[in-house]
Amino acid sequence: GSPATRTPTGAETSTGPEQVGQQGAHLTTAQGARLRDTDHSLKAGARGPTLLQDHHLREKIMHFDHERIPERVVHARGAAAHGVFVGYGNAESVCRATFLGKDVKTPVFTRFSPVVGSRGSADAVRDTRGFATKFYTDEGVFDLVGNNIPVFFIQDAIKFPDVVHAAKPHPDREIPQAQSAHDTFWDFVGLHTEASHHVMWQMSDRGIPRSYRMMEGFGVHTFRLVDASGGTSLVKFHWKPRLGVHSLVWEEAQLVNGVDPDFHRRDLADAIESGAPPQWELGIQVFPDTPEQTFEGIDLLDPTKVVPEELAPVQPVGLMTLDANPTNYFAETEQVAFHPGHLVPGIDVTDDPLLQGRLFSYLDTQLTRLGGPNFAQIPINRPHAPVNDMLRDGWHQDAVHSGAAPYKPNSLDGGCPFFAGADVEALTEVAATVPEGHKVRESPASYADHFTQPRMFFRSLSPVEQEHTIRAYTFELGRCYEEAIKERYLGVLAEIDADLCAGVARGLGLDVPSRGPTGDVGVQRAQDMPPSPALSQV
Ligand code: HEM
């Protein structure tokens with residue numbers, strides 16, 4: 001490849017030569033036998049019929065017939081790049097992970113992705129963007145599987161199939177590819193008001209990034225860090241782009257999607273190839289690990305809430321530079337398998353019920369998407385740390401394992417494996433967070449506040465940004481067929497901000513509702529608040 005491409009590297013797992021796909025000066029079969037002709041089938045005479053005996057014909061077509069694998073159920077379309085992460089060394093007081101050490105260089109692979117569209121959809125749509133980074137650290141793979149929006153639609157993973165079914169194209173016509181402009185989406189988010197905050201970010205300018213290079217990234221959930229002496233803190237991860245945060249305005253996005261549906265992936269690849277590698281600082285907001293797991297009254301386990309940076313500043317802990325394009329889209333960008341449970345010593349999960357469900361989902365879906373249980377052996381997924389597991393056999397097994405005892409305890413292969421240095425789990429007390437110890441299907445009371453933070457977000461926007469947001473709601477809701485869905489959503493907006501609601505109602509030609517979904521209190525509450533400056537501009 002060109003200097004700006006890099007092939008994934010990994011541990012040798014085979015006793016034979018590594019399969020690189022293209023060796024030698026001659027075309028061959030998959031068995032390495034030289035081909036005489038790849039343009040003509042073997043036939044009984046020039047006019048046929050074709051002979052079943054032609055192995056090359058059958059092998060070539062058989063393989064082509066199976067070139068496609070299932071696309072990701074979400075985040076199907078993506079663009080990725082290789083790079084390096086360099087630690088600043090200032091996180092040691094909270095985290096023992098060695099890759100955060102001063103000047104430690106760790107190879108990374110980052111994949112950006114719209115969520116809803118299929119693999120062939122357009123880039124510059126209004127949607128959330130995935131921002132997933134694989135750190136190939138000396139202590140194993142750490143994946144930070146985040147988004148460009150700091151909150152999520154749901155508070156519990158059990159709702160993920162619901163939100164995705166509502167956001168995906170309608171089951172009958174399979175339109176639209178874009179996230180929001182349809183009845184099922186607005187039907188769901190109008191009835192499920194915990195989505196209000198995420199929806200607000202999508203309707204803001206954040207919903208249409210100018211470039212992947214100009215997006216923030218967020219781990220969304222609160223994670224737990226562990227220091228060298230076992231002390232713990234709670235953190236939220238942030239990526240801050242060196243180029244700043246920029247968006248396309250709606251009209252620009254419409255032109256871009258028509259003229260160049262590959263706008264974002266082209267932009268990323270071109271920037272890297274032309275020697276302008278994008279950079280992001282990794283930062284953390286740090287909170288004390290108290291039994292309540294709250295900070296300034298904000299529930300840290302609720303993924304629909306942010307902690308404002310004024311209350312907890314983002315402290316930079318390292319720099320990522322993406323400086324090399326993939327050599328092969330399928331091998332790398334398509335086959336990469338991220339997982340929020342890929343953690344290294346010093347970083348652990350919390351009990352956020354959305355995160356807990358994700359820990360099941362990614363392995364499960366990859367089992368199907370990547371054809372069996374051995375996808376960690378695909379070059380792009382191989383750890384750069386030594387692997388010594390007792391996983392054996394299965395479809396697409398690449399490793400030729402030696403030894404006779406893949407079990408423990410054993411007395412044949414050197415007895416027990418060596419366990420030092422392995423603490424990933426911070427074994428916190430469940431009793432601290434579940435004092436009553438009962439199994440329940442319910443959420444903490446604080447999860448019921450769905451409107452304070454979207455209101456705060458809307459009122460933090462500049463007048464121009466508020467105007468864009470009002471127009472976005474108006475356009476997207478205006479595409480719904482069902483009047484009742486629009487009217488119900490105006491009720492949600494009334495709970496958030498009276499001016500926002502009035503602006504959208506006016507755009508839709510509908511009345512301002514007298515009641516929000518929690519009753520008329522919310523509307524009055526919103527009207528009681530100081531007017532936002534946006535309305536006069538719309
Ligand atoms: C894929 C982020 C919630 C299931 C992804 C990807 C990202 C992401 C960035 C694309 C990974 C890639 O580039 O290959 C997030 C964030 C979430 C969230 C930030 C919430 C804060 C969930 C939940 C579930 C889920 C709750 C399920 C319960 C999936 C699945 C994939 C995926 C199945 C496809 C993975 C694959 O095929 O490799 N998610 N996600 N996500 N996510 Fe999530």
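## Core, helix pair and ligand shell

Setting aside neighbours within four places in sequence, F142 touches F99, F135, T137, H342, L343, V344 and I347. Keep in mind as you browse that this is a predicted model.

F142 is a good way into the nonpolar interior. The largest nonpolar core holds 103 residues, and F142 is among those with the most contacts inside it, along with C95, I347, L493, C501 and V504. Helix α12 contributes the most to this core, with seven residues.

Let's follow α12 to its partner. Helix α12 spans residues 483-496 and helix α13 spans residues 498-508; their axes come within 6 Å and cross at roughly 155 degrees. Angles over 145 degrees count as roughly antiparallel, so α12 runs roughly antiparallel to α13. On the α12 side, the contact is made by K486, L490, L493, A494 and I496, which meet A498, L500, C501, V504, A505 and L508 of α13. Three of these names, L493, C501 and V504, were already listed for the core.

Now to the ligand, which has 28 residues around it; H75, R111, G130, V220 and S361 come nearest. Which elements each supply at least two residues of this shell? They are β3 (105-114), β4 (129-137), β5 (140-147) and α8 (353-369). The largest share, eight residues, comes from α8.

Here are the two sets of residues by class:

| Set | Nonpolar | Polar | Charged |
|---|---|---|---|
| Contact of α12 with α13 | 10 residues | no residues | one residue |
| Shell around the ligand | 14 residues | 10 residues | four residues |

Key. Residues numbered from 1 in each chain as written. Predicted model: local features only at pLDDT ≥ 70, side-chain atom pairs only at ≥ 80, totals over all residues. Axes fitted to C-alpha atoms, helices over the stretch in contact; angles between N-to-C directions. Helix = DSSP H or I, 4+ residues; strand = E, 2+ residues; numbered from the N terminus. Parallel < 35°, antiparallel > 145°, perpendicular 65-115°, else oblique. Contact = placed C-beta atoms within 7 Å. Nonpolar A, V, L, I, M, F, W, Y, C, P; charged D, E, K, R; others polar. Near = placed C-beta within 6 Å. Core = buried A, V, L, I, M, F, W, Y, C linked by C-beta atoms within 7 Å. Buried ≥ 20, exposed ≤ 12 C-beta atoms within 10 Å, placed from the backbone.
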